[in-house]
Amino acid sequence: WHTNRILWVWPRAASYMVGHVWEDATDQFMGWYLNLQTPLRRSRIGFALWDQLLDVVVRPDLTGFW
């Protein structure tokens with residue numbers, strides 16, 4: 001992750017968030033990173049969520065892998 005730039009998009013009440021990934025040195029778009037998780041909820045001390053451990057990587061040519 002340290003060699004890339006990532007813009008995270010987290011739709012309200014969604015069970016996922018999407019990272020749009022660019023290589024920092026070249027500005028080349030590398031694809032998307034989908035993180036599956038519970039929807040974000042407010043808690044007494046801030047926010048809470050549970051990561052579902054399954055992530056999906058999608059390349060710019062729309063091929064993907066778990």
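Two strands count as paired if DSSP finds at least two bridges between them. The strands themselves are DSSP runs (E, at least two residues), numbered from the N terminus. The model is a predicted one, where local features need pLDDT of at least 70, side-chain atom pairs count only at pLDDT 80 or more, and totals for chains, interfaces and linings use all residues. Residues are numbered from 1 along each chain as its sequence is written, and side-chain values use heavy atoms, with hydrogens and water left out.

**View 1. Here's the whole sheet, with its 5 strands in the order β1-β2-β3-β6-β7.**
The sheet is open, and its pairing is antiparallel. At the edges sit β1 and β7 (64-65), each pairing on one side only. In general, strands of a sheet pair through backbone hydrogen bonds, either parallel or antiparallel.

**View 2. Let's zoom in on the hairpin of β2 and β3.**
Strand β2 covers residues 16-23 and strand β3 covers residues 29-37, and 7 bridges hold this antiparallel pair. Look across from G19 and you'll find Y33 in β3. There are 5 residues between the two strands, and in the turn D27 has a positive phi of about 65 degrees.

**View 3. Next up is β3 alongside β6.**
Strand β6 takes in residues 51-58, and 5 bridges join β3 to this antiparallel partner. You can follow the pairing residue by residue: W32 faces V58 in β6, Y33 faces V57, and Q37 faces D51. Y33 also turned up in the previous view, opposite G19.

**View 4. Now for the hairpin of β6 and β7.**
Just 2 bridges join these antiparallel strands. V57, which stands opposite Y33 of β3, also stands opposite F65 in β7. The hairpin has 5 residues between its strands, and L62 takes a positive phi near 75 degrees.

**View 5. Finally, here's a nonpolar surface patch made by W10, L40, F47 and L49.**
The patch comes to about 370 Å², with accessible areas worked out by the Shrake-Rupley method with a 1.4 Å probe, where for residues only the protein chains shown count as cover. To join a nonpolar patch, side chains (Val, Leu, Ile, Met, Phe, Trp, Tyr) must lie within 5 Å, in residues with over 30% relative accessible area and no salt bridge; a salt bridge is a side-chain nitrogen of Lys or Arg within 4 Å of a carboxyl oxygen of Asp or Glu. W10 is in the loop between β1 (4-9) and β2.

Note on methods: Helices (H or I, at least four residues) and strands (E, at least two) are DSSP runs, numbered from the N terminus. Patches are made of residues with over 30% relative accessible area and no salt bridge: like charges are joined within 9 Å, nonpolar side chains (Val, Leu, Ile, Met, Phe, Trp, Tyr) within 5 Å.
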